[in-house]
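Here is a walk through one protein chain, taken a piece at a time. Keep the structure open next to the text and follow along.

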Amino acid sequence: MKEEQNPPKKTLQQEKLFKAEEILRKRKHLATKDDIKRIKQSKFKYEGKKVITDDVKKLKSLEIIPPIPKEELNDYYIEPVTIEYYVPKDSRFINEIRFLYIPLIDPPYEERYPILNDCMNKNIFFDIINVLNEYPEHTTTILDSYKERFSLLEKINHSLRDARSNPELYKTAFYLCETLLKYEPTIAYLEVLGDYISWDLNWLIRKLNEHKISFSAEDDTVAYLIKRRNIYWEENQLPYDERFEILAALFFDQAYPNRGLSIEEQDFFYNIFNR
(Lines give C-alpha, C1' and ligand atoms only; values in the text may rest on other atoms or scores of the structure.)
Protein backbone atom coordinates (compact mmCIF):
# COMPACT_ATOMS: atom_id res chain seq x y z
CA MET A 1 0.00 0.00 0.00
CA LYS A 2 1.45 3.35 -1.08
CA GLU A 3 2.18 5.89 1.58
CA GLU A 4 -0.02 8.93 1.40
CA GLN A 5 2.02 11.84 0.15
CA ASN A 6 1.54 15.35 1.40
CA PRO A 7 0.63 17.85 -1.32
CA PRO A 8 3.59 19.99 -2.42
CA LYS A 9 3.86 23.31 -0.65
CA LYS A 10 3.12 26.43 -2.69
CA THR A 11 6.10 28.58 -3.59
CA LEU A 12 6.16 32.21 -2.44
CA GLN A 13 5.27 33.34 -5.97
CA GLN A 14 2.34 30.90 -6.11
CA GLU A 15 1.13 32.20 -2.74
CA LYS A 16 1.25 35.77 -4.05
CA LEU A 17 -0.65 34.85 -7.17
CA PHE A 18 -3.24 32.98 -5.12
CA LYS A 19 -3.72 36.03 -2.89
CA ALA A 20 -3.99 38.27 -5.94
CA GLU A 21 -6.64 36.04 -7.49
CA GLU A 22 -8.53 35.94 -4.19
CA ILE A 23 -8.56 39.73 -3.96
CA LEU A 24 -9.59 40.02 -7.58
CA ARG A 25 -12.53 37.71 -6.92
CA LYS A 26 -13.60 39.87 -3.98
CA ARG A 27 -13.04 43.19 -5.73
CA LYS A 28 -13.70 42.60 -9.41
CA HIS A 29 -16.49 40.03 -9.45
CA LEU A 30 -18.95 42.66 -8.41
CA ALA A 31 -22.03 40.71 -9.36
CA THR A 32 -21.81 37.13 -10.57
CA LYS A 33 -23.82 35.78 -13.47
CA ASP A 34 -26.08 34.04 -10.98
CA ASP A 35 -26.61 37.35 -9.14
CA ILE A 36 -27.54 39.09 -12.39
CA LYS A 37 -30.01 36.31 -13.22
CA ARG A 38 -31.67 36.84 -9.85
CA ILE A 39 -31.74 40.59 -10.37
CA LYS A 40 -33.47 40.12 -13.72
CA GLN A 41 -36.30 38.19 -12.06
CA SER A 42 -39.24 40.39 -11.05
CA LYS A 43 -39.69 39.03 -7.52
CA PHE A 44 -36.81 37.21 -5.94
CA LYS A 45 -34.56 37.20 -2.92
CA TYR A 46 -31.20 38.96 -3.17
CA GLU A 47 -28.89 38.58 -0.16
CA GLY A 48 -31.86 37.23 1.78
CA LYS A 49 -34.24 40.09 0.95
CA LYS A 50 -36.90 40.54 -1.70
CA VAL A 51 -36.00 43.04 -4.40
CA ILE A 52 -38.92 44.02 -6.63
CA THR A 53 -38.01 45.96 -9.75
CA ASP A 54 -41.25 45.74 -11.77
CA ASP A 55 -43.74 47.15 -9.25
CA VAL A 56 -44.80 50.44 -10.86
CA LYS A 57 -46.26 51.91 -7.68
CA LYS A 58 -43.11 51.10 -5.74
CA LEU A 59 -40.86 52.55 -8.43
CA LYS A 60 -42.89 55.76 -8.67
CA SER A 61 -42.91 56.13 -4.88
CA LEU A 62 -39.11 56.14 -4.62
CA GLU A 63 -37.81 59.55 -3.61
CA ILE A 64 -35.72 61.24 -6.29
CA ILE A 65 -33.12 62.03 -3.63
CA PRO A 66 -32.89 60.08 -0.34
CA PRO A 67 -32.98 61.99 2.96
CA ILE A 68 -29.24 62.33 3.61
CA PRO A 69 -27.92 65.17 5.83
CA LYS A 70 -26.28 67.91 3.76
CA GLU A 71 -23.00 67.66 5.67
CA GLU A 72 -22.66 63.99 4.65
CA LEU A 73 -23.29 64.36 0.91
CA ASN A 74 -19.59 64.59 0.00
CA ASP A 75 -19.20 61.00 1.22
CA TYR A 76 -21.40 59.56 -1.54
CA TYR A 77 -21.03 58.81 -5.22
CA ILE A 78 -24.29 59.68 -6.99
CA GLU A 79 -25.42 57.60 -9.98
CA PRO A 80 -28.56 58.50 -11.96
CA VAL A 81 -30.77 55.47 -12.62
CA THR A 82 -33.68 55.44 -15.09
CA ILE A 83 -36.99 53.93 -14.06
CA GLU A 84 -39.52 53.15 -16.79
CA TYR A 85 -43.22 52.40 -16.50
CA TYR A 86 -46.24 52.27 -18.81
CA VAL A 87 -49.21 54.65 -18.55
CA PRO A 88 -52.25 52.84 -20.11
CA LYS A 89 -54.32 56.01 -20.20
CA ASP A 90 -51.81 57.75 -22.47
CA SER A 91 -50.58 54.55 -24.16
CA ARG A 92 -46.98 55.49 -23.60
CA PHE A 93 -43.93 54.71 -21.49
CA ILE A 94 -42.64 57.23 -18.97
CA ASN A 95 -38.96 57.52 -18.08
CA GLU A 96 -37.95 59.11 -14.80
CA ILE A 97 -34.63 59.54 -13.05
CA ARG A 98 -33.88 58.45 -9.51
CA PHE A 99 -30.48 58.96 -7.90
CA LEU A 100 -28.59 56.05 -6.36
CA TYR A 101 -26.46 57.37 -3.51
CA ILE A 102 -23.55 55.00 -2.89
CA PRO A 103 -21.68 55.55 0.40
CA LEU A 104 -17.90 55.64 0.00
CA ILE A 105 -16.31 52.82 2.00
CA ASP A 106 -12.65 53.46 2.79
CA PRO A 107 -10.13 50.60 3.19
CA PRO A 108 -9.62 49.35 6.76
CA TYR A 109 -6.41 50.18 8.61
CA GLU A 110 -3.90 47.33 8.47
CA GLU A 111 -0.57 47.29 10.30
CA ARG A 112 1.26 45.89 7.27
CA TYR A 113 0.40 48.95 5.16
CA PRO A 114 1.76 51.91 7.18
CA ILE A 115 2.11 54.18 4.11
CA LEU A 116 -1.58 53.88 3.27
CA ASN A 117 -2.52 54.32 6.94
CA ASP A 118 -0.49 57.53 7.04
CA CYS A 119 -2.26 58.91 3.94
CA MET A 120 -5.68 58.10 5.39
CA ASN A 121 -4.77 59.69 8.74
CA LYS A 122 -3.62 62.86 6.96
CA ASN A 123 -6.50 62.70 4.46
CA ILE A 124 -4.16 63.05 1.49
CA PHE A 125 -4.06 61.37 -1.91
CA PHE A 126 -1.92 58.22 -2.11
CA ASP A 127 0.51 59.20 -4.89
CA ILE A 128 2.81 56.35 -5.92
CA ILE A 129 5.31 58.81 -7.43
CA ASN A 130 5.62 60.48 -4.02
CA VAL A 131 5.96 57.07 -2.37
CA LEU A 132 8.94 56.34 -4.65
CA ASN A 133 10.59 59.58 -3.57
CA GLU A 134 9.87 59.20 0.14
CA TYR A 135 10.38 55.43 0.53
CA PRO A 136 13.36 54.46 -1.67
CA GLU A 137 13.52 51.04 0.00
CA HIS A 138 10.42 50.06 -2.00
CA THR A 139 11.67 51.34 -5.37
CA THR A 140 12.44 47.94 -6.90
CA THR A 141 9.12 46.37 -5.90
CA ILE A 142 7.09 49.34 -7.15
CA LEU A 143 8.99 49.77 -10.43
CA ASP A 144 8.74 46.05 -11.19
CA SER A 145 4.96 46.23 -10.70
CA TYR A 146 4.27 49.49 -12.57
CA LYS A 147 7.06 49.81 -15.15
CA GLU A 148 4.57 49.32 -18.01
CA ARG A 149 2.17 51.89 -16.55
CA PHE A 150 4.65 54.38 -15.16
CA SER A 151 3.51 57.09 -17.58
CA LEU A 152 -0.02 56.67 -16.15
CA LEU A 153 1.32 57.25 -12.62
CA GLU A 154 3.13 60.38 -13.83
CA LYS A 155 -0.04 61.75 -15.43
CA ILE A 156 -1.94 61.22 -12.18
CA ASN A 157 0.84 62.99 -10.28
CA HIS A 158 0.80 65.97 -12.68
CA SER A 159 -3.02 66.18 -12.61
CA LEU A 160 -3.07 66.27 -8.80
CA ARG A 161 -0.36 68.93 -8.68
CA ASP A 162 -2.13 71.17 -11.20
CA ALA A 163 -5.56 70.57 -9.64
CA ARG A 164 -4.59 72.85 -6.74
CA SER A 165 -5.10 75.82 -9.07
CA ASN A 166 -7.54 74.13 -11.47
CA PRO A 167 -9.92 71.79 -9.58
CA GLU A 168 -11.36 70.47 -12.87
CA LEU A 169 -8.19 68.38 -13.12
CA TYR A 170 -9.39 66.28 -10.19
CA LYS A 171 -11.74 64.80 -12.77
CA THR A 172 -8.77 63.87 -15.01
CA ALA A 173 -7.04 62.21 -12.06
CA PHE A 174 -10.22 60.28 -11.25
CA TYR A 175 -10.53 58.90 -14.79
CA LEU A 176 -6.84 57.92 -14.78
CA CYS A 177 -7.33 56.10 -11.46
CA GLU A 178 -10.29 54.23 -12.96
CA THR A 179 -7.88 52.95 -15.62
CA LEU A 180 -5.30 52.00 -13.00
CA LEU A 181 -7.95 50.05 -11.07
CA LYS A 182 -8.21 47.59 -13.96
CA TYR A 183 -4.61 46.46 -13.39
CA GLU A 184 -4.77 45.86 -9.66
CA PRO A 185 -3.76 44.00 -7.59
CA THR A 186 -0.02 43.98 -8.36
CA ILE A 187 2.73 42.49 -6.21
CA ALA A 188 3.50 46.00 -4.92
CA TYR A 189 -0.17 46.40 -4.01
CA LEU A 190 -0.10 43.17 -2.01
CA GLU A 191 3.28 43.63 -0.32
CA VAL A 192 3.70 47.38 0.18
CA LEU A 193 0.86 49.65 -0.90
CA GLY A 194 -2.36 48.03 0.28
CA ASP A 195 -5.74 49.00 -1.15
CA TYR A 196 -4.54 52.48 -2.09
CA ILE A 197 -6.65 52.60 -5.27
CA SER A 198 -9.93 52.41 -3.32
CA TRP A 199 -8.74 55.21 -1.05
CA ASP A 200 -7.69 57.33 -4.04
CA LEU A 201 -11.01 56.88 -5.85
CA ASN A 202 -12.93 57.81 -2.70
CA TRP A 203 -10.62 60.78 -2.04
CA LEU A 204 -11.13 62.11 -5.56
CA ILE A 205 -14.92 61.63 -5.44
CA ARG A 206 -15.00 63.67 -2.22
CA LYS A 207 -12.86 66.38 -3.80
CA LEU A 208 -15.09 66.56 -6.87
CA ASN A 209 -18.18 66.70 -4.66
CA GLU A 210 -16.58 69.40 -2.51
CA HIS A 211 -15.92 71.55 -5.60
CA LYS A 212 -19.34 70.68 -7.06
CA ILE A 213 -17.75 69.38 -10.26
CA SER A 214 -20.02 67.07 -12.28
CA PHE A 215 -18.50 63.78 -13.42
CA SER A 216 -19.56 60.28 -14.32
CA ALA A 217 -17.80 57.07 -13.30
CA GLU A 218 -17.52 54.03 -15.56
CA ASP A 219 -20.11 51.30 -15.02
CA ASP A 220 -17.41 48.98 -13.67
CA THR A 221 -16.37 51.60 -11.13
CA VAL A 222 -19.96 52.15 -10.02
CA ALA A 223 -20.42 48.40 -9.67
CA TYR A 224 -17.19 48.27 -7.64
CA LEU A 225 -18.44 50.98 -5.27
CA ILE A 226 -21.76 49.15 -4.87
CA LYS A 227 -19.99 45.90 -4.06
CA ARG A 228 -17.77 47.56 -1.45
CA ARG A 229 -20.87 49.07 0.14
CA ASN A 230 -22.68 45.72 0.16
CA ILE A 231 -19.73 43.91 1.74
CA TYR A 232 -19.49 46.58 4.45
CA TRP A 233 -23.25 46.42 5.10
CA GLU A 234 -23.14 42.64 5.40
CA GLU A 235 -20.06 42.54 7.63
CA ASN A 236 -21.53 45.14 9.98
CA GLN A 237 -25.11 43.80 9.82
CA LEU A 238 -26.51 47.23 8.92
CA PRO A 239 -30.24 47.71 8.21
CA TYR A 240 -31.62 46.67 4.84
CA ASP A 241 -32.18 49.67 2.54
CA GLU A 242 -34.91 48.80 0.04
CA ARG A 243 -34.51 51.99 -2.00
CA PHE A 244 -30.80 51.34 -2.45
CA GLU A 245 -31.30 47.67 -3.36
CA ILE A 246 -33.99 48.44 -5.96
CA LEU A 247 -31.91 51.13 -7.66
CA ALA A 248 -28.74 49.03 -7.47
CA ALA A 249 -30.61 46.12 -9.10
CA LEU A 250 -31.89 48.45 -11.83
CA PHE A 251 -28.39 49.82 -12.34
CA PHE A 252 -26.96 46.32 -12.92
CA ASP A 253 -29.84 45.48 -15.24
CA GLN A 254 -29.25 48.60 -17.34
CA ALA A 255 -25.45 48.63 -17.25
CA TYR A 256 -25.03 44.92 -18.04
CA PRO A 257 -28.19 43.99 -20.02
CA ASN A 258 -26.69 40.87 -21.60
CA ARG A 259 -24.67 39.61 -18.68
CA GLY A 260 -25.65 36.17 -17.48
CA LEU A 261 -27.44 35.21 -20.69
CA SER A 262 -24.80 32.74 -21.91
CA ILE A 263 -25.26 29.10 -20.89
CA GLU A 264 -22.56 27.72 -18.66
CA GLU A 265 -22.06 24.38 -16.97
CA GLN A 266 -23.43 25.56 -13.62
CA ASP A 267 -26.67 26.60 -15.33
CA PHE A 268 -27.75 22.97 -15.45
CA PHE A 269 -27.77 22.88 -11.65
CA TYR A 270 -29.02 26.42 -11.09
CA ASN A 271 -32.14 27.06 -9.04
CA ILE A 272 -33.25 30.65 -8.64
CA PHE A 273 -35.57 29.81 -5.74
CA ASN A 274 -32.78 28.65 -3.42
CA ARG A 275 -32.23 32.11 -1.96
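## Pro80 and its strand

Let's start with Pro80, which sits in strand S3, the stretch covering residues 76-87. Keep in mind that this is a predicted model. Is Pro80 buried, exposed or partly exposed? With a relative accessible area of 43%, Pro80 comes out as partly exposed, since that category lies between the 20% and 50% cut-offs.

As for company, Pro80 touches Ile97, Arg98 and Phe99, once residues up to four places away in sequence are set aside. Leu100 is worth a look as well: Pro80 and Leu100 are 20 residues apart in sequence, and their C-alpha atoms are 6.1 Å apart in space.

## Tyr77 and the nonpolar core

Leu100 turns up again in the contact list of Tyr77. Leaving out residues up to four places away in sequence, Tyr77 touches Leu100, Tyr101, Ile102, Leu104, Ile205, Phe215, Ser216, Ala217, Val222 and Leu225.

Tyr77 also belongs to the largest nonpolar core, a set of 64 residues. Which residues have the most contacts inside that core? They are Tyr77, Phe126, Tyr146, Leu193, Tyr196, Leu204 and Ile226. Helix H10 gives the most to this core, with eight residues.

## Ile68, just ahead of the strand

Ile68 is in the loop between helix H3 (56-61) and S3. Its relative accessible area is 19%, so Ile68 counts as buried, the cut-off being under 20%.

Ile68 touches Leu73, Tyr76 and Tyr101, again not counting residues up to four places away in sequence. Tyr101 is 33 residues from Ile68 along the chain, and the C-alpha atoms of the two are separated by 9.1 Å. Tyr101 is also among the residues that Tyr77 touches.

## H10 against H11

Next, the helix pair. Two packed helices are described by the angle between their axes and the distance between the axes. Helix H10 spans residues 196-210 and helix H11 spans residues 219-235; they pack at an angle of about 105°, and their axes are 12 Å apart. The two helices are therefore roughly perpendicular to each other, because angles of 65 to 115 degrees fall in that class.

Who makes the contact? From H10 come Ser198, Leu201, Asn202 and Ile205, and from H11 come Tyr224, Leu225 and Arg228. Sorted by class, that contact has four nonpolar, two polar and one charged residues. Two of these names may look familiar: Ile205 and Leu225 are both on the list of residues that Tyr77 touches.

## Loops with backbone quirks

A few loops deserve a stop. Glu184 and Pro185 are joined by a cis peptide bond, with omega at about 5°. Pro185 is placed in the loop between helix H8 (169-181) and helix H9 (187-193).

Asn123 is in the loop between helix H4 (114-122) and helix H5 (128-134). The phi of Asn123 is near 55°, a positive value in a residue other than glycine. Gln237 is another such case, with phi near 50°, and it lies in the loop between H11 and helix H12 (242-255). How do they sit relative to solvent? Asn123 is partly exposed, at a relative accessible area of 47%, whereas Gln237 counts as exposed at 74% relative accessibility.

## Thr172 on H8

Back to H8, where Thr172 lies. Thr172 is partly exposed, with a relative accessible area of 34%. Along the sequence, Thr172 and Ile156 are 16 residues apart; in space, 7.9 Å lies between their C-alpha atoms.

## The whole chain

Zooming out, the chain has twelve helices and four strands. Of its 275 residues, 42% count as buried. The accessible surface comes to about 16,600 Å², and carbon and sulfur atoms account for 50% of that.

How much of the contact network links residues 24 or more positions apart? Such pairs account for 71% of the contacts with a separation of 6 or more. The Tyr77 contact with Leu225 is one example of a link between residues that are not sequence neighbors.

Notes: Residues are numbered from 1 along each chain as its sequence is written. This is a predicted model: local features need pLDDT of at least 70, side-chain atom pairs count only at pLDDT 80 or more; totals for chains, interfaces and linings use all residues. Side-chain values use heavy atoms; hydrogens and water are left out. Axes are lines fitted to C-alpha atoms, for helices over the stretch in contact, and angles run from 0 to 180 degrees between N-to-C directions. Angles under 35 degrees count as roughly parallel, over 145 as roughly antiparallel, 65 to 115 as roughly perpendicular and the rest as oblique. Contact means heavy atoms within 4.5 Å. Ala, Val, Leu, Ile, Met, Phe, Trp, Tyr, Cys and Pro count as nonpolar, Asp, Glu, Lys and Arg as charged, and the others, Gly among them, as polar. Buried means under 20% relative accessible area, exposed over 50%, partly exposed in between (1.4 Å probe, protein chains only). Accessible areas come from the Shrake-Rupley method with a 1.4 Å probe; for residues, only the protein chains shown count as cover. A nonpolar core is a set of buried Ala, Val, Leu, Ile, Met, Phe, Trp, Tyr and Cys residues joined through side-chain atoms within 4.5 Å.
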